[in-house]
Structure formats: C-alpha cells, structure tokens
Amino acid sequence: MEVKIKICGINNEGAAIAAKDADFIGFVFYQKSPRFIDAINAKEISKILNNDQKKVGLFVNADMEVMQYITEYVGLDMVQLHGKECINEIIEIKQRLNVPIIKAIPVFDENDIKLSKEFQKCCDMILFDAKTKTNELPGGGGKPFDWNLLKNFKSKIEWMLAGGLNIKNVKNAVTTTNASIIDISSGVEKDRGVKCEKKIKDFIEYVKKN
C-alpha cells in the first residue's frame, strides 16, 4: 500500500517515538476527548518529531483566538476541523492561521460524500470519518463507515480515510476506497485514549510493507 499514514491522538513521547515513520502526527486540542493534549505538552513532543512529519492540530468548534495561539505556539503545519464549521468560517480560519486546513466530514450515506464537494472550495484536504451519534465525541469512535461509498470518488484536493481502521482491515479499506492517506487513532490503542507503542509500530510497518 503506497499510502501516507496519520497517527492521531498522540499525547505522550513514547507514542510519538513509536510513530516516527508516520507522515502526520495528530494532536487533539479538544478538552472533552480522552486523547486531549495541551499546547505545552504538544510543543514538547514536537521537539522529538522528524522534520518531515506534519504536525496536525485537531479542533472542534474552537475559539479563533485559541486556535491561533496554539497553532503558533506549537508550530502546527496543518489544522483539522472536526466541528460544525461552515465554509465562511473555514475561509476566515485559513486566512487568520495561514496554514492548510483539513475538514472532517462525518459519513453515513452518499449525501455526506456529496457534501464534501462544497468544502473542496475552501479546504486543502478532506477527511472522511464515520458519523457518530449526536451525544458522542466526533472522531476516534473506532467504527468504520461503508467504504463502498468512496469506491469511485473523485476529488480536486487530497483526502484522507479515517474511522475504525486497524491492522486487520486497513488493506481492504485502501483497496476498496483507493485512499492515498489513512488516519488511525483508536485502532492503535490499548485503552480508550491510551496509545499502544507496539500497535503503532506494527501498523506502520504493515502498511509500509503491503
């Protein structure tokens, strides 16, 4: 699988070291998430990352000032929006932060895939994730959506596949969707919000070799 890998929810140095061969490192700046990390620790972890690894900050309906501060303080390369941000808000965020924007699209059916077309006008990348119930946290739920919905998907911008990926199903997921970038979080955890260094290493090695 010639795909790039994003390990999301990194919140300690051991997990960051285990993910040294990942292309993207995701920091979750959403306090309700079990994977939450503060800006100070994210900056410390960033010091041990490889120069070619992209640091991605995940935000959910966050205050603009907070996003700007964290982006500059940590030195984020990209910002991932996982909330209900509309197109006008995303345009403003991009202008203010001056970094590439990833917009997460929760997927349940074909209409959600169609919706992503609108965001291609203002974002640099789309992330397709499984749609959760209204009272659940956005992303990191460990459940896949119907990958066949992306079988013939064409996009003007890069896109990323997330949602319930693990070492057992990732090959099928990539084959079905033809995704060029995959995002994994719960699939490399030993407990909710706690990354397993061995699972991270094994997953990256498996994807790089297959």
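This is a short tour of a predicted model, stop by stop, with something to select at each one.

**The whole chain**

Start zoomed out, with everything shown as a cartoon. You should be able to pick out seven helices and ten strands. Turn the C-alpha trace along its principal axes and the spans come to about 40 × 40 × 35 Å. The radius of gyration is 16 Å, which agrees with the value near 17 Å for a compact globule of 210 residues. Colour by accessibility next: 50% of the 210 residues count as buried. If you draw contacts between residues at least 6 apart in sequence, 56% of them join residues at least 24 apart.

**Two helices side by side**

Now select residues 64-74, helix α3, and residues 87-97, helix α4. Two packed helices are described by the angle between their axes and the distance between the axes. Here the angle is about 35° and the axes lie 10 Å apart. Look at the hand of the crossing, too: α3 and α4 cross in a right-handed way. Which residues make the contact? On the α3 side, show M64, E65, M67, Q68 and T71. On the α4 side, show E92, I93, R96 and L97. Colour that set by type and you get a mixed group, with four nonpolar, two polar and three charged residues.

**Either end of the pair**

Step back along the chain to N61, in the loop between β3 (54-59) and α3. Check its backbone: phi is positive, at about 50°, although N61 is not a glycine. Most residues other than glycine have a negative phi, and most peptide bonds are trans. N61 is partly exposed, with a relative accessible area of 48%.

Then jump to N98, in the loop between α4 and β5 (101-107). Phi of N98 is positive as well, near 60°. Is N98 buried or exposed? At 67% relative accessibility, N98 counts as exposed.

**The cysteines**

Select the cysteines and look for sulfur–sulfur bonds. How many disulfides does the structure hold? Zero. Begin with C86: the closest cysteine sulfur is in C122, and at 8.8 Å that is too far for a bond. C86 is partly exposed, at 36% relative accessible area. C123 is worth a click as well, since the nearest cysteine sulfur, again that of C122, is 3.8 Å away, and C123 is in no disulfide because the cut-off is 2.5 Å. C123 is buried, with a relative accessible area of 5%.

**A loop residue and its partners**

Move on to D124, in the loop between α5 (110-119) and β6 (125-130). At 29% relative accessibility, D124 counts as partly exposed. What does D124 touch, leaving aside its neighbours within four places in sequence? Show K94, P100, I101, I157 and E158, which are in contact with D124. While you are there, put a distance label between the C-alpha atoms of D124 and W159: they are 35 residues apart along the chain and separated by 8.6 Å.

**Last stop**

Finish at T176 in helix α6, residues 170-177. T176 counts as buried, at 16% relative accessibility. With neighbours within four places in sequence left out, the residues to show around T176 are W147, N148 and K151, each in contact with T176.

Notes. Residues are numbered from 1 along each chain as its sequence is written. This is a predicted model: local features need pLDDT of at least 70, side-chain atom pairs count only at pLDDT 80 or more; totals for chains, interfaces and linings use all residues. Side-chain values use heavy atoms; hydrogens and water are left out. Axes are lines fitted to C-alpha atoms, for helices over the stretch in contact, and angles run from 0 to 180 degrees between N-to-C directions. Helices (H or I, at least four residues) and strands (E, at least two) are DSSP runs, numbered from the N terminus. A crossing is left-handed if the near helix is turned anticlockwise from the far one by less than a right angle, and right-handed if clockwise. Contact means heavy atoms within 4.5 Å. Ala, Val, Leu, Ile, Met, Phe, Trp, Tyr, Cys and Pro count as nonpolar, Asp, Glu, Lys and Arg as charged, and the others, Gly among them, as polar. Buried means under 20% relative accessible area, exposed over 50%, partly exposed in between (1.4 Å probe, protein chains only). The radius of gyration is taken over C-alpha atoms; the globule rule is 2.2 Å times the number of residues to the power 0.38.
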